[in-house]
There are 2 protein chains.
Amino acid sequence: MPKKKTYHHGDLKNALIKAGVAILAKDGVSGLSLRKVALKAGVSHSAPYSHFADKQALIAAISTEGFRQLYERINSSAEKYKDRPTKQLVEVAWAYVQFAMDDPDRFKVMFSDVLEKEKEYPEFVAESQRNFQLVKRIVEANQASGQLRSGPTELVALSAWGIVHGFVMLLLEGQISHTILEQTSLRELLEFQIESLRK
Amino acid sequence: MPKKKTYHHGDLKNALIKAGVAILAKDGVSGLSLRKVALKAGVSHSAPYSHFADKQALIAAISTEGFRQLYERINSSAEKYKDRPTKQLVEVAWAYVQFAMDDPDRFKVMFSDVLEKEKEYPEFVAESQRNFQLVKRIVEANQASGQLRSGPTELVALSAWGIVHGFVMLLLEGQISHTILEQTSLRELLEFQIESLRK
DNA sequence: CTCTCAATCTTGACAGTGTAAAGATTGTAG
DNA sequence: CTACAATCTTTACACTGTCAAGATTGAGAG
């Protein structure tokens, strides 16, 4: 990939997001600084301000992009198993867990208070809502096929998301003790969680 | 309480923790700086280093103290309703939710990656484990009284904690849309979540 | 094709941050 | 009473987010 060293970068905005994701993966959330991101993108420390109002805005963009990818993961998993209702739910949840484990720090940022004024980032809100809509659709289908308990789809979807999200969070926070993880595989743990939702 | 202005503070360590909690409540996690904490405690900006190795250590102490209080809340709620098995579970979960809502930022810090190397803070680990032990005891009692589905207590406890924790997290992150909250009270939402655990 | 301008990027500056080192103060053990 | 160790202050430094002023350049108007 030949990078011309012109004054105008050309696609700096996306390059910054990409650099941010990389730094997040390497140095964690506490190691994510605007200046480092700029450096990694081969640009001066103030250049990001041409594309992002402040650090929060960059983080919002990273999160938004993360939600886009999460959507793809969940959706493709749901599609893949749409003819096997008994497996679909667990597989979708598994995709969620995998996404979180692939890049824990990005996941944390996506669901973290790092974004203090979400309202100011409509794209972020939209993308995050789009994910919940997807979950609702999957839940609805599973209710129809009798895999999930009945009740208001919105609330059951909230239960489903909550139980998986809670599981992932406890996992990422290291609250799920090592002794449990030795006895039971992550996958089995997740399946046990999902069972709660069945009816 | 008259504060003598001596060179030696006397109980600076606890004063710093207290100041930290106050700043956390007022300015949020991003507004929590060591220097501000020191200032609030009426002490020079470097004084904290006599009691905490670094900022992480102070945060660890704040979190540890938070877990102590969380334990008290949960425990007293469990005691209060120990003769009413049908209510106990929801009430305990409600206490958890209330604790989180009372001071969202402290709660986030307690369960946040802000603590990157937990292993180095054995008190924190111990206190957090003590909470899980408590949850396990409550779950065990509820399994015995038929309020909770059977199965390995450790895993059911994980489910219970996960479902409530996930709920709280989605709530704090603003992922539970306003429209849902308008239709259904928080309490009802929680009860719906808990129902999943019943058998 | 040239001129102009708005978008983009750089440079320089500033206040706030965490933290390390060296020194000042003081309670307390001997 | 005295020395010491714990506690607190002062000073210093690198790094951070952000702003303002200026440099560079691509693209459209003439």
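Author: In this predicted model, contact means heavy atoms within 4.5 Å.

Reader: What makes residues of chain A and chain B count as in contact, and how many are there?

Author: The cut-off is 4.5 Å between heavy atoms. By that rule, 36 residues of chain A are in contact with 36 residues of chain B.

Reader: Why are the two copies said to be related as by a two-fold rotation axis?

Author: A turn of 180° and a shift of 0.0 Å along the axis lay chain A on chain B with an RMSD of 0.0 Å. The two copies are therefore related as by a two-fold rotation axis. In chain A, the C-alpha nearest this axis belongs to Gly166(A), at 1.8 Å.

Reader: How do you know which surface serves each copy?

Author: Of the contact residues of chain A, 100% recur in chain B, and the same surface thus serves both copies.

Reader: What makes the pair Arg149(A) and Glu195(B) a salt bridge?

Author: The definition asks for a side-chain nitrogen of Lys or Arg within 4 Å of a carboxyl oxygen of Asp or Glu. In this pair the closest N and O atoms are 3.4 Å apart, so Arg149(A) and Glu195(B) qualify. The interface of chain A and chain B has two salt bridges by this rule, and eight residue pairs in polar contact, both residues being at pLDDT 80 or more.

Reader: Which helices supply the side of chain A that touches chain B?

Author: At least two residues each come from α6 (122-144), α7 (153-172) and α9 (186-195) of chain A. The largest share, 13 residues, is that of α7(A). By class, this side has 18 nonpolar, ten polar and eight charged residues.

Reader: How much area is buried between chain A and chain B, and which three residues supply more than any other three on the side of chain A?

Author: About 3,300 Å² is buried, with 58% from carbon and sulfur atoms. Leu158(A), Gln175(A) and Phe192(A) supply 19% of what chain A buries against chain B.

Reader: What are the domains of chain A, and how much area do they bury between them?

Author: The domain assignment gives domain 1 (1-52) and domain 2 (57-195). Together they bury about 930 Å², 85% of it on carbon and sulfur atoms. In domain 1 of chain A, Ile17(A), Leu24(A) and Phe52(A) lose the most area to domain 2 of chain A, together 47% of what that side buries. Between these domains the count is zero salt bridges, while one residue pair is in polar contact, both residues being at pLDDT 80 or more.

Methods
Residues numbered from 1 in each chain as written. Chains lettered and ligands numbered in written order. Predicted model: local features only at pLDDT ≥ 70, side-chain atom pairs only at ≥ 80, totals over all residues. Heavy atoms only, no water. Least-squares fit on C-alpha atoms with pLDDT ≥ 70 in both. Domains from an automatic or database assignment. Buried area = accessible area lost by both parts, 1.4 Å probe. Polar contact = N/O pair within 3.5 Å; in protein donor to acceptor, adjacent residues only side chain to side chain. Helix = DSSP H or I, 4+ residues; strand = E, 2+ residues; numbered from the N terminus. Nonpolar A, V, L, I, M, F, W, Y, C, P; charged D, E, K, R; others polar.
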